[in-house]
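Here are a few exercises to work through with the model open beside you. Try each task before reading its solution.

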Amino acid sequence: MTGSADRFGFETRAIHSGQEPDPRTGAVIVPIYQTSTFAQDGVGGLREGGFEYSRTANPTRGALEECLASLEGGQHGLAFSSGMAASDIVLRAMIRPGDHVVIPDDAYGGTFRLIDKVFSQWGVEHTPVRLSDVGAVRAAIRPDTKVIWVETPTNPLLGIADISALATLAHEAETRLVVDNTFATPYLQSPLGLGADVVLHSTTKYLGGHSDVVGGAAITSDGELAEKFAFLRNAAGSVPGPFDSWLTLRGLKTLAVRMDRHCDNAERIVETLLSHPKVDKVYYPGLPEHTGHEVASKQMRRFGGMVSFTVAEGEQAALEVCARTRLFTLAESLGGIESLIEHPGKMTHASTAGSALQVPDDLVRLSVGIEDADDLVEDLLAALD
Ligand SMILES: *Cc1c(COP(=O)(O)O)cnc(C)c1O
């Protein structure tokens, strides 16, 4: 289903884009082409599809890439071995030594480390900014700013950035907007449609969706950029294997139904937390009192499966809640079908201690899964009491 794919709805594209039955065997599901190389008919005589060597291109990966592009409404999709591999190649394609990037002041830790510890060695400078403040982003842009890097919602406080306002700002300043759409997924939010130049994913999270594969993706409608991404990925070799590509493609098929259930369950959990005496503050963009609610309502279909809250009695009580749940598994990562709980201050965000990015020590983060909502509520209530 190529070319005409875009006239179909999201759920149809998730199941069919790039995924025609195999022309030779009729296999309904794209096979795992677990092969490193492809036979040639004479020197330089590539067969149908033009496959040569799997670092450059592989049919299973190609199907995944076509589907990813379709879901994000972009012309070109590229899959990577991890979200960080995608971030690395996207940055290398867009900046030169000495350039400057604007990043969220609560950027994903791995992204911050890549820019702060690796790209800095090539003289790349960065300014962390609160992205919900468009004026602050405008003030941070310099003549040598090549990229504005956006995450929305952010982690773990679920801050919201106005994608279309930032895209306008970026283009006025002749710089480019990259949106890490990992938390929202293309089902809930379409950054390219709002003016972003590149969308990035850790497909490890909701797109794969089953906590069984690590992967990344970059999607763009800019042909020149896509060519640079493909060149650099082939040069550096940060490609996903055929089986990982297949697992991710399998995950995409159910993305829409999973996301609706993640959102339903998150709403139930939020309701429970709001009325609990031991809970102080609940962070969820779906709440009218959330500072980003208005922008989130404008650019998101629903508000996602991530919920954070503070425990009234402080850090020790927050740690105890994390230790006492039974269905919510104590673990890092997010976006899988199973519910996870964590203490950002001591786990995912431990490295921010003492910095401006430090998170509240009484904060608990939930990745709400798609189990029975009553069971999840009961588990959380038992852990809070
Ligand atoms: C997990 C994550 C990444 C990094 O992805 P990996 O697949 O772990 O390399 C980047 N951005 C966000 C928002 C993430 O949650």
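**Exercise 1: cysteines**

The sulfur of Cys 67 sits 19 Å from the closest cysteine sulfur, which belongs to Cys 263, and that is too far for a bond. Before going on, note that this is a predicted model, where local features need pLDDT of at least 70 and side-chain atom pairs count only at pLDDT 80 or more, while totals for chains, interfaces and linings use all residues. Residues are numbered from 1 along each chain as its sequence is written, and side-chain values use heavy atoms, with hydrogens and water left out.

Task: work out how many disulfides there are.

Step 1. Take the cut-off: a disulfide is a pair of cysteine sulfur atoms within 2.5 Å.
Step 2. Check from the other end: for Cys 263, the closest cysteine sulfur is the one in Cys 67, at 19 Å, again too far for a bond.
Step 3. So the count is zero disulfides, because that 19 Å gap is too far for a bond.

Task: decide whether Cys 67 is buried or exposed, and do likewise for Cys 263.

Step 1. Buried means under 20% relative accessible area, exposed over 50%, and partly exposed in between (1.4 Å probe, protein chains only).
Step 2. Cys 67 has 0% relative accessibility, so it's buried.
Step 3. Cys 263 also comes out at 0%, so put it down as buried.

**Exercise 2: Arg 61 and Gln 75**

Task: place Arg 61 in the fold and list its contacts.

Step 1. Find helix H2, residues 59-72, which holds Arg 61; helices (H or I, at least four residues) and strands (E, at least two) are DSSP runs, numbered from the N terminus.
Step 2. Its relative accessible area is 2%, so Arg 61 is buried.
Step 3. Look for contacts (heavy atoms within 4.5 Å). Skipping neighbours within four places in sequence, Arg 61 meets Ser 54, Arg 55, Thr 56, Ala 79, Arg 233, Val 239, Pro 240 and Ser 245.

Task: do the same for Gln 75.

Step 1. Gln 75 lies in the loop between H2 and strand E1 (76-80).
Step 2. With 57% relative accessibility, Gln 75 counts as exposed.
Step 3. Leave out residues up to four places away in sequence, and Gln 75 touches Ala 69, Thr 220 and Ser 221.

**Exercise 3: the whole chain**

Task: what do the secondary structure and burial totals look like?

Step 1. Count the elements: the protein chain has 13 helices and twelve strands.
Step 2. Tally burial: 53% of the 385 residues are buried.
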